[in-house]
Amino acid sequence: PVAPIELGDREHFKVHVDAAADQLFISQPLTGRNSGRASIQISRRILLADGTFAGVIVASVDPQKLSQFYQSLNVGRDGAISLIGLDGIARVARGFRSEAARANTASNILARLEAEAAGSLPIADMGDGIRRLVSYRKVAGLPLAVAVGFGEEDALDSFYNEALKYI
């Protein structure tokens, strides 16, 4: 048996109390009060038959479990990948050599998501000394976006090889 836990002050509860719509919420990583471990809270409101608020159902996900999937992807030597909330906070990220680069990438992508659900950023250094071509896509039906960046050399390798053939 698990003792009840007070969640009334947690963002993943409060976001549903006065919400106008029934939407899935995915928190930024936080530390669990009982477990002391990092987790991402995925929550949704529970409504009674008459439509009044009855509570919240919460699933806690270990960010390391999400990271395992991203570790299995081959993004090259200088590549990076990130799962970004529409609040600008990365839920999972791999390959960035600094927090500034991760934050700058998220910020640039969020600014563009307003205009288009998918696209690419020109090759640029986002703050960790690596020039990357970054492509992004909003995840349909979820408050998330995925960004994948390939180092300039990896991204343009086949182009350079073909250009040398023609030269």
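Q: At 1.5 Å a residue, what should the 15 residues of helix 3 span, and how far apart are its end C-alpha atoms?
A: Keep in mind that this is a predicted model. The expected span is 1.5 Å times one less than the number of residues. For the 15 residues of helix 3 that works out at 21 Å, and the end C-alpha atoms agree with it, sitting apart by 21 Å.

Q: Which residues of helix 3 are buried, and on which side or sides do they sit?
A: The buried ones are Ala-101, Thr-105, Ala-106, Ile-109 and Leu-113. In general, an α-helix has 3.6 residues a turn, so residues three or four places apart point the same way. Here the buried set covers an arc of only 130 degrees around the axis, which puts them all on the same side of helix 3.

Q: What covers those buried residues of helix 3, and which exposed residues are on the face turned away?
A: The cover includes strand 5, strand 7 (118-125), strand 8 and strand 9. Turn to the face away from the buried side and you meet the exposed residues of helix 3, Glu-99 and Ala-111.

Q: Which element gives the most to the largest nonpolar core?
A: That core has 13 residues, and Ile-84, Ile-109, Leu-113, Leu-121, Val-134, Tyr-136 and Ala-147 touch the most other members. Two or more residues come from each of strand 5 (80-85), strand 8 (131-138), strand 9 (144-151) and helix 3 (99-113). With four residues, the top contributor is helix 3.

Q: Which residues does Ala-147 touch, leaving out those up to four places away in sequence?
A: Ala-147 is one of the core residues that touch the most other members. Its contacts include Ile-109, Ala-80, Ile-81, Ser-82 and Ile-84. The list is completed by Val-134, Ser-135 and Tyr-136.

Q: Which residues are closest to the centre of the largest pocket?
A: This pocket has a volume of about 380 Å³. Strand 3 (38-47) and strand 4 (53-61) are the elements that give two or more residues to its lining. Of the 18 lining residues, the closest to the centre are Gly-32, Ser-35, Ser-39, Gln-41 and Ser-60.

Q: Does Asp-154 count as buried, partly exposed or exposed?
A: You'll find Asp-154 in helix 4 (residues 152-166). Beyond its neighbours within four places in sequence, Asp-154 is in contact with Val-75, Gly-76, Arg-77 and Asp-78. Buried needs under 20% relative accessible area and exposed needs over 50%. Asp-154 has 39% relative accessibility, so the verdict is partly exposed.

Q: How far apart in space are Asp-154 and Lys-14?
A: In sequence, Asp-154 and Lys-14 are 140 residues apart. In space, C-alpha to C-alpha, the distance between Asp-154 and Lys-14 is 44 Å.

Key. Residues are numbered from 1 along each chain as its sequence is written. This is a predicted model: local features need pLDDT of at least 70, side-chain atom pairs count only at pLDDT 80 or more; totals for chains, interfaces and linings use all residues. Side-chain values use heavy atoms; hydrogens and water are left out. A nonpolar core is a set of buried Ala, Val, Leu, Ile, Met, Phe, Trp, Tyr and Cys residues joined through side-chain atoms within 4.5 Å. Buried means under 20% relative accessible area, exposed over 50%, partly exposed in between (1.4 Å probe, protein chains only). Contact means heavy atoms within 4.5 Å. The arc is that of the directions from the helix axis to the C-beta atoms. On a 1 Å grid over the protein atoms alone, a cavity is a set of points where a 1.4 Å probe fits but cannot get out, and a pocket is an open set with protein on both sides within 12 Å along at least five of seven lines; lining residues have an atom within 4 Å of a point. Grid points are joined across faces, edges and corners, and a volume is the space filled by probe spheres set on the points.
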